[in-house]
Amino acid sequence: MPRVADRPGTRRDTWLAVACLGCSVALLFAPARWGLTVAALLRGSVLRPVALLQENAAQGRTSRSRLRAIVAERDSAAIAAQFLPALRDENRRLRQLLALRERVGPGVVPAEVLHQPLPTDGRTLLLSAGRAAGVTPLAPVVSPDGLLGVVTEVDEATSVAMTWGHPDFRASAVTADGRMLGVVAAAASSGSPAAELEFRALSYRDTIPEGTPVITAGLGGVYPRGVPIGVIAGIAREQEGWERVYRLRPAALPGIVPHALVLAAMVRDTVPAGAFGTGALPPVPFAEPEPARRIASPAARPDSARRRPRTQPDTAAARPRPPAAPARPDTTRRAPAPARDTAADPAPPPPSPPPPTDSAGPRP
Amino acid sequence: MIAQRATRLQFAVVTLVLLLAHFYLRPRLWDSRVAPDFLMVAFAALALRGSPGLGAFAGFLIGLASDALTPARMGAAALAYTVIGYLAAWARAVFFADNLLVYGAFLAVAVIARDAIVLLASGTTGGAFASALLVQAPLQGLTTAVAGVAVLVMLRGWFGIRLDA
């Protein structure tokens with residue numbers, strides 16, 4: 001006969017429940033670092049077999065249910081790869097002409113996402129790759145559709161990523177045309193649906209049409225430039241004529257994504273265009289966002305739009321042209337410099353500046 | 001004594017099977033946000049079978065494990081499972097009917113209550129809270145209830161829970 005509690009609460013039961021409640025509350029209000037340490041200890045010890053088991057299951061599910069999609073993607077990639085040798089050869093020759101270093105190969109760690117039943121699962125993701133696979137803290141986590149988040153905790157075999165759904169998530173972002181620079185964060189709780197982002201810190205005078213893609217700006221040193229974050233879905237709110245906040249429909253949904261890619265440090269500089277989704281995003285110009293270029297449309301500010309072409313050649317002509325450096329480091333931030341200097345040069349223009357993303361990737 | 005030991009062994013086997021189902025079968029099912037929570041089924045069986053103190057302690061341990069696997073806010077799941085475990089054992093001793101439907105309803109309510117406590121403890125409010133609590137939690141509660149009742153019907157002798165219907 002099974003033992004069923006006949007008395008609803010003995011003194012020992014009450015004390016045990018109070019102790020458990022006290023520990024839970026203490027854990028809840030303890031510094032986050034302590035809680036994460038406890039969690040890392042548990043994941044690395046008693047929960048490690050569980051994580052391995054779930055990883056196997058997730059791999060099994062992925063290999064079965066997504067086989068058709070993977071085959072289609074592989075076919076598309078195979079067609080795209082037919083042009084790769086010619087592009088590589090051209091890229092190598094251009095790099096030699098410009099005296100650029102060879103680009104370091106991509107470092108991407110694939111990982112299964114081990115979803116949990118708790119409702120906060122979309123805020124943090126448990127990934128099946130850890131320190132042993134080369135995952136490091138602050139490594140960006142992406143999916144084929146776009147940005148997911150950043151790695152915050154790394155264990156030996158697993159890691160934890162903070163997704164864009166977390167209240168602490170921030171990423172510098174820019175519209176795909178490079179005009180508007182802002183900060184992306186999880187949507188404020190006031191009536192917004194769960195799976196939504198906000199594009200903040202945009203000046204009131206700027207307007208962004210709906211459907212504009214927003215990508216990571218590459219500022220801050222965490223996320224590489226060019227990772228899709230989402231598309232503009234409308235205006236969320238305006239703050240006293242000073243700031244306008246846009247709603248952003250995310251490109252990747254952390255709550256349902258089956259697997260993710262952790263970008264290693266080697267590829268954090270840029271992401272090849274067309275590496276995400278179906279290549280719907282246009283190539284990103286790699287100019288530094290200037291204050292004058294953040295105006296929404298030339299029609300809105302006709303005087304500024306007219307003035308710019310007149311002043312630029314003058315400014316460029318007044319400036320002496322620096323001697324060409326023998327070896328130019330492969331940094332994307334310096335890409336616009338030669339373009340500006342050559343504006344006043346009457347000689348035939350040199351080859352166009354290197355694109356923001358490495359030209360090894362397929363570009364139209 | 002031997003029968004009691006055998007029942008405990010059977011219950012341990014069932015719990016192990018449910019744990020395997022949670023971590024190996026559940027990821028293979030559909031969307032993880034609405035897939036049945038086998039861990040909750042095992043936890044409910046344990047809480048309904050034991051004393052309130054045992055239910056609270058088991059809830060604390062299971063919640064701690066859940067927090068470690070989803071560290072959005074450490075301690076939120078531990079608090080939720082502790083409260084549910086204590087209340088489940090207490091309610092069972094006071095007024096629970098031994099009925100399949102009641103057991104299924106308890107599972108659904110437990111999932112929703114856990115989600116509500118976790119969301120509140122982790123600071124989720126507004127639209128995100130409503131969406132998670134009014135859409136995902138009921139769906140997950142429903143699938144968990146169905147799975148729990150099915151498991152209980154198949155293994156009711158091993159669970160050690162008396163059921164009338």
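Here is a friendly conversation about a predicted model with chains A and B.

User: What makes A:Tyr246 count as buried?

Analyst: The cut-off for buried is 20 or more other C-beta atoms within 10 Å. A:Tyr246 has 26 C-beta neighbours inside 10 Å, so it counts as buried. You will find A:Tyr246 in strand S11 (residues 243–250) of chain A.

User: Which residues is A:Tyr246 in contact with, leaving aside its neighbours within four places in sequence?

Analyst: Among them are A:Glu198, A:Phe199, A:Leu202 and A:Ile208. A:Ile232, A:Gly234, A:Ile235 and A:Ala236 are also in contact with A:Tyr246. Take A:Glu198: it is 48 residues apart from A:Tyr246 along the chain, yet their C-alpha atoms are separated by 5.6 Å.

User: Why is A:Leu138 called partly exposed?

Analyst: A residue is buried at 20 or more neighbours, exposed at 12 or fewer, and partly exposed in between. A:Leu138 has 13 C-beta neighbours inside 10 Å, and therefore counts as partly exposed. A:Leu138 sits in the loop between S2 and strand S3 (140–143) of chain A. Its phi is positive, near 65°, in a residue other than glycine.

User: Why is strand S7 (residues 181–186) of chain A described as largely enclosed by the rest of the structure?

Analyst: Five of the six residues of S7(A) are buried, so the strand is largely enclosed by the rest of the structure.

User: How do you know that S7(A) pairs with strand S6 (residues 170–175) of chain A?

Analyst: Pairing needs at least two bridges between the strands. Five bridges join S6(A) to S7(A), and the two run antiparallel; the cut-off is at least two, so they pair. One of the partnerships to look for is A:Arg170 with A:Ala185 in S7(A). The hairpin of S6(A) and S7(A) has five residues between the strands, and A:Gly178 there takes a positive phi near 80°.

User: How many bridges join S7(A) to strand S8 (residues 197–203) of chain A?

Analyst: Four bridges join S7(A) to S8(A), again in an antiparallel arrangement. With at least two needed, these strands also count as paired. Here A:Ala185 stands opposite A:Glu198 in S8(A). You have met A:Glu198 already, as one of the contacts of A:Tyr246.

User: How do you know that helix H5 (residues 84–98) of chain A has close to its expected span?

Analyst: The expected span is 1.5 Å times one less than the number of residues. For the 15 residues of H5(A) that gives 21 Å, and the helix reaches 20 Å from its first C-alpha to its last. The two values are close. After the helix comes A:Ala99, with a positive phi near 60°.

User: What makes H5(A) "hardly covered"?

Analyst: Among its 15 residues, the count of buried residues is one.

User: How many residues of each chain are in contact where chain A meets chain B?

Analyst: There are 53 residues of chain A in contact with 58 residues of chain B. On the chain A side, the elements giving two or more residues are helix H1 (11–29), helix H2 (32–44), helix H3 (48–65) and strand S2 (124–127). H1(A) makes the largest contribution, eleven residues. By kind, the residues on this side divide into 30 nonpolar, 15 polar and eight charged.

User: Which residues have the most contacts inside the largest nonpolar core?

Analyst: They are A:Ile229, A:Val262 and B:Ala44, in a core of 118 residues. Helix H4 (residues 76–94) of chain B gives the largest share of this core, twelve residues. Leaving aside its neighbours within four places in sequence, B:Ala44 is in contact with B:Ala88, B:Phe106, B:Leu107, B:Ala110 and B:Gly148.

User: What is the secondary structure of chain B?

Analyst: Chain B has seven helices and zero strands, whereas chain A has seven helices and twelve strands. Of the 165 residues of chain B, 57% count as buried; for the 364 residues of chain A the figure is 35%.

User: Which elements of chain B have the lowest and the highest mean pLDDT?

Analyst: Helix H7 (residues 156–159) of chain B has the lowest, 69, and helix H5 (residues 100–121) of chain B the highest, 89. Chain B has a mean pLDDT of 82, with 89% of its residues reaching 70 or more. Where pLDDT is low, the predicted coordinates should not be read in detail. The model scores ipTM 0.82 and pTM 0.66.

Methods: Residues numbered from 1 in each chain as written. Chains lettered and ligands numbered in written order. Predicted model: local features only at pLDDT ≥ 70, side-chain atom pairs only at ≥ 80, totals over all residues. Contact = placed C-beta atoms within 7 Å. Nonpolar A, V, L, I, M, F, W, Y, C, P; charged D, E, K, R; others polar. Core = buried A, V, L, I, M, F, W, Y, C linked by C-beta atoms within 7 Å. pLDDT = per-residue confidence, 0-100.
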